[in-house]
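This report covers one helix and what packs against it, then the core, one chain and the two DNA surfaces. Keep the structure open while reading.

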There are 2 protein chains.
Amino acid sequence: MLHDRLGYLLKHVQLSLTEQTGAVLAPLDVTGRELAVLTVLGGPEALAQQQAAAKLGVDRTTMVDLVDALQGKQLVERRPDPADRRRNLVHLTERGRQVLVEGSRVHARAEREFLAALDEDEIRQLKSLLQRVLKE
Amino acid sequence: MLHDRLGYLLKHVQLSLTEQTGAVLAPLDVTGRELAVLTVLGGPEALAQQQAAAKLGVDRTTMVDLVDALQGKQLVERRPDPADRRRNLVHLTERGRQVLVEGSRVHARAEREFLAALDEDEIRQLKSLLQRVLKE
DNA sequence: GCTGATCGTCAGTAGTGCTGACTATCTGCT
DNA sequence: AGCAGATAGTCAGCACTACTGACGATCAGC
């Protein structure tokens with residue numbers, strides 16, 4: 001049967017999740033992907049673009065567009081790394097930090113609601129199983 | 001943390017699965033998506049394009065391209081439905097059936113190998129959890 | 001027999017993700 | 001010191017997927 005196929009399940013679960021989290025993030029004018037970028041960049045140390053790209057698992061050329069978009073919305077700033085002038089260190093702006101905090105909040109709530117069919121223990125199980133598969 | 005985010009997990013698990021199953025299907029000259037279409041069309045009754053699209057959860061305009069591709073490979077045939085001439089009933093060719101059988105075999109094996117980190121019981125759990133989320 | 005709905009098709013658009021080429025810069029070796 | 005090769009970011013271009021909106025052909029209900 002089709003519904004046994006892992007590919008089918010993953011695709012449609014992801015599609016549905018993207019839709020639901022996208023809806024609650026829309027008022028903040030960020031997408032789920034952009035919020036993920038902010039999350040990675042929101043750490044204590046400013047990261048170069050490729051470091052952030054590696055953490056996110058996206059290509060470095062894709063990161064250019066992502067940072068472009070966030071910079072256009074004044075959520076991040078590119079600053080040359082004084083220690084290595086090939087690099088841009090990407091810093092969150094004040095607004096970027098606000099959006100990160102508020103976005104994380106509504107995103108977490110939307111994800112929890114999306115998983116309403118499962119209890120807390122089952123959610124942990126699901127994530128743990130997926131993580132183990134990913135580590136091959 | 002990023003690795004707690006369901007979106008991240010789903011995306012990368014799916015990406016990795018697509019890559020792995022795609023590799024074993026390549027010698028048969030079909031993609032995972034195309035095999036899924038063959039699976040849906042391989043039932044006892046020939047389906048119209050939109051019935052198949054609904055089962056797969058894809059758009060009807062996307063189904064046009066999928067059937068085009070399969071027809072180009074001589075795996076399916078469009079035949080007008082005598083009872084409703086707006087419809088195309090999509091039939092598998094003899095080769096289409098062979099590819100479906102062989103493709104299902106290697107795909108199932110690749111999926112099992114992809115999930116090598118989990119035992120049979122955990123695989124059932126994972127699929128069951130995803131199915132329940134999908135039913136909202 | 002006409003109105004409105006449905007099926008398949010096509011053009012156009014948008015998002016994502018990659019390759020390959022380029023510039024600027026750094027690092028290692030001699 | 002100086003050159004060769006590697007690395008960071010950028011950009012153009014291609015490919016894949018998915019959707020919207022429009023269209024002609026056909027069907028179903030009144």
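The buried residues of α5(B) are covered by elements of chain B that include α1 (6–25), α2 (32–41), β2 (76–81) and β3. The model is predicted. In α5(B), the buried residues are G96(B), V99(B), L100(B), G103(B), H107(B) and F114(B). They sit on the same side of α5(B), because they cover an arc of only 105° around the axis.

The opposite face reads differently. Turned away from the buried side of α5(B) are the exposed residues E94(B), V101(B), R105(B), R109(B) and E113(B). The helix itself has 21 residues. From first C-alpha to last, α5(B) reaches 30 Å, close to the 30 Å expected at 1.5 Å a residue.

Take V101(B) from that exposed face. V101(B) lies in helix α5, residues 94–114 of chain B. Why does V101(B) count as exposed? V101(B) has 11 other C-beta atoms within 10 Å, and a residue is exposed if the count is 12 or fewer. P27(B) is 74 residues away from V101(B) along the chain. The C-alpha atoms of this pair are separated by 14 Å.

Next, the core. The largest nonpolar core holds 60 residues. V37(A) and V37(B) touch the most other members. Helix α1 (residues 6–25) of chain A gives this core its largest share, 7 residues. In soluble globular proteins, nonpolar side chains tend to be buried together. Which residues does V37(A) contact, leaving aside neighbours within four places in sequence? The partners are A52(A), L56(A), L66(A) and L70(A).

Chain A can be described as a whole. Chain A has 136 residues, of which 29% count as buried. Its elements are 6 helices and 3 strands. From the N terminus on, they run α-α-β-α-α-β-β-α-α. The C-alpha trace of chain A spans about 55 × 35 × 25 Å along its principal axes. Among contacts in chain A with a separation of 6 or more, 49% join residues 24 or more positions apart.

Now the two DNA strands. The table lists the nearest residues around each.

| Strand | Residues around it | Nearest residues |
|---|---|---|
| DNA strand C | 20 residues | D59(A), R85(A), A48(B), Q50(B), T61(B) |
| DNA strand D | 20 residues | A48(A), Q49(A), Q50(A), D59(B), R85(B) |

Both chains contribute to each surface. Near DNA strand C, α4 and β3 of chain A each supply at least two residues, as do α3 (49–56), α4 and β3 of chain B. The largest share there, 4 residues, comes from α4(B). By class, the surface near DNA strand C has 4 nonpolar, 7 polar and 9 charged residues.

Near DNA strand D, the elements that each supply at least two residues are α3 (49–56), α4 (60–72) and β3 (84–92) of chain A, with α4 (60–72) and β3 (84–92) of chain B. Which element gives the most to this surface? With 4 residues, α4(A) does. The surface near DNA strand D is made up of 9 charged, 7 polar and 4 nonpolar residues.

Methods: Residues are numbered from 1 along each chain as its sequence is written. Chains are lettered from A and ligands numbered from 1 in the order in which they are written. This is a predicted model: local features need pLDDT of at least 70, side-chain atom pairs count only at pLDDT 80 or more; totals for chains, interfaces and linings use all residues. A residue is buried if 20 or more other C-beta atoms lie within 10 Å of its own, exposed if 12 or fewer, and partly exposed in between; C-beta atoms are placed from the backbone. A residue is near a molecule or strand if its C-beta atom, placed from the backbone, lies within 6 Å of it. Ala, Val, Leu, Ile, Met, Phe, Trp, Tyr, Cys and Pro count as nonpolar, Asp, Glu, Lys and Arg as charged, and the others, Gly among them, as polar. Two residues are in contact if their C-beta atoms, placed from the backbone, lie within 7 Å. A nonpolar core is a set of buried Ala, Val, Leu, Ile, Met, Phe, Trp, Tyr and Cys residues joined through C-beta atoms within 7 Å. The expected span of a helix is 1.5 Å times one less than its number of residues. The arc is that of the directions from the helix axis to the C-beta atoms.
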